[in-house]
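Subject: Structure handover

Hello,

Here is the structure I said I would pass on. My notes on it follow below.

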Amino acid sequence: AAALQERLGKQPRLFLLAVMLLGLLLSAAISNVTAPVLLLAVVQPLLQELPSDSRFSRALLLGLAFSCNLGGMITPIASPQNAIALVALQQVVGADVSFGRWSSVAGPVALVGTLGVWLLLLLLLRPDRRQVGPASRRTRRAAPVARGRHARGRERLLLDDVPHTPRGPARRRTLQRSPLRCCHATALPP
């Protein structure tokens, strides 16, 4: 995860896709139940750095789960359902499906499915671009707010997670009218 984060830390969409493709390939080689457990151990340090309500952490975990399930379709050994299907195909239909033939049909389907899930996650969850990257940058940005130096910084962090927060002058007007400004203005020094 550190190597992926170092290379793709400024491109969270590609980072998400890379983790999903790793899940897809790993679950094709081993059980699709074991693969997400192994990859969760890899991405867990990154998840611990993100806020618990982060849209990116949700997208990462859902993407990992879906891609590992799709990867379980690629080979007959990746999932017990595949072995049952092979036996049923042989006994009921009389079709002898080889390992290579199974993989050549299921591989492209799983890849297209993974890309489709990735696009849906990007559209529905809209992971924030600033949530991946060096942890020190986010820590430096949040530190003055955590110490309570200014209320507007705290409002900015809260409003950053709202999907349709205005930018520019409209954002300043939103911050000025924010009910959070009233609460923090009485509790914190300017």
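**Overall make-up**

From the N terminus on, the elements of the chain run α-α-α-α-α-α-α-α-α-α. That comes to 10 helices and zero strands. Please keep in mind that this is a predicted model.

The chain has 190 residues, of which 36% count as buried. Its accessible surface is about 11,400 Å², and carbon and sulfur atoms account for 65% of that. Taking the contacts between residues at least 6 apart in sequence, 64% join residues at least 24 apart.

**Helix H4 and its N-terminal end**

H4 covers residues 55-71. With 17 residues at 1.5 Å each, the helix should span 24 Å, and its end C-alpha atoms are indeed 24 Å apart. Its buried residues are Arg55, Phe56, Ser57, Ala59, Leu60, Gly63, Leu64, Ser67, Cys68, Leu70 and Gly71.

The N-terminal end of H4 is capped by Ser54, which places a side-chain oxygen 3.1 Å from the backbone nitrogen of Phe56. Ser54 also has its backbone oxygen 2.9 Å from a polar atom of the Ser57 side chain. Ser57 belongs to H4 and counts as buried because its relative accessibility is 7%, where the cut-off for buried is under 20%. Leaving out residues up to four places away in sequence, Ser57 touches Leu47, Leu50, Pro51 and Ser52.

**Helix H5**

H5 (residues 80-93) has 14 residues. From first C-alpha to last it reaches 19 Å, close to the 20 Å expected at 1.5 Å a residue. Gly94 follows H5 and has a positive phi, near 85 degrees.

**Helix H6: contacts with H4 and a surface patch**

H6 spans residues 99-125. Two of its residues are worth listing with their contacts.

- Thr114 lies in H6 and counts as buried, at 0% relative accessibility. Not counting residues up to four places away in sequence, Thr114 touches Met20, Leu21, Leu24, Ser67 and Leu70. Of these, Ser67 and Leu70 are also among the buried residues of H4.
- Leu125 is in H6 as well. Leu125 and Arg55 are 70 residues apart in sequence, yet their C-alpha atoms are 6.1 Å apart in space. Apart from neighbours within four places in sequence, Leu125 is in contact with Arg55, Arg58, Ala59, Leu62 and Leu120.

Leu120 appears again on the surface: together with Leu123 and Leu124 it forms a nonpolar patch with about 350 Å² of accessible area. How accessible is Leu124? Its relative accessible area is 67%, so Leu124 is exposed, the cut-off for exposed being over 50%.

**The loop after H6**

Arg126 is found in the loop between H6 and helix H7 (135-146). What is the sign of phi at Arg126? Its phi is positive, about 45 degrees, although Arg126 is not a glycine. Most residues other than glycine have a negative phi. With a relative accessible area of 43%, Arg126 is partly exposed.

Regards

Conventions. Residues numbered from 1 in each chain as written. Predicted model: local features only at pLDDT ≥ 70, side-chain atom pairs only at ≥ 80, totals over all residues. Heavy atoms only, no water. Patch = residues over 30% accessible without salt bridge, like charges linked within 9 Å, V, L, I, M, F, W, Y side chains within 5 Å. Areas by Shrake-Rupley, 256 points an atom, 1.4 Å probe, with all protein chains shown as cover. Salt bridge = Lys/Arg side-chain N within 4 Å of Asp/Glu carboxyl O. Helix = DSSP H or I, 4+ residues; strand = E, 2+ residues; numbered from the N terminus. Buried < 20%, exposed > 50% of the residue type's maximum accessible area, 1.4 Å probe, protein only. Contact = heavy atoms within 4.5 Å. Expected span 1.5 Å × (residues − 1). Polar contact = N/O pair within 3.5 Å; in protein donor to acceptor, adjacent residues only side chain to side chain.
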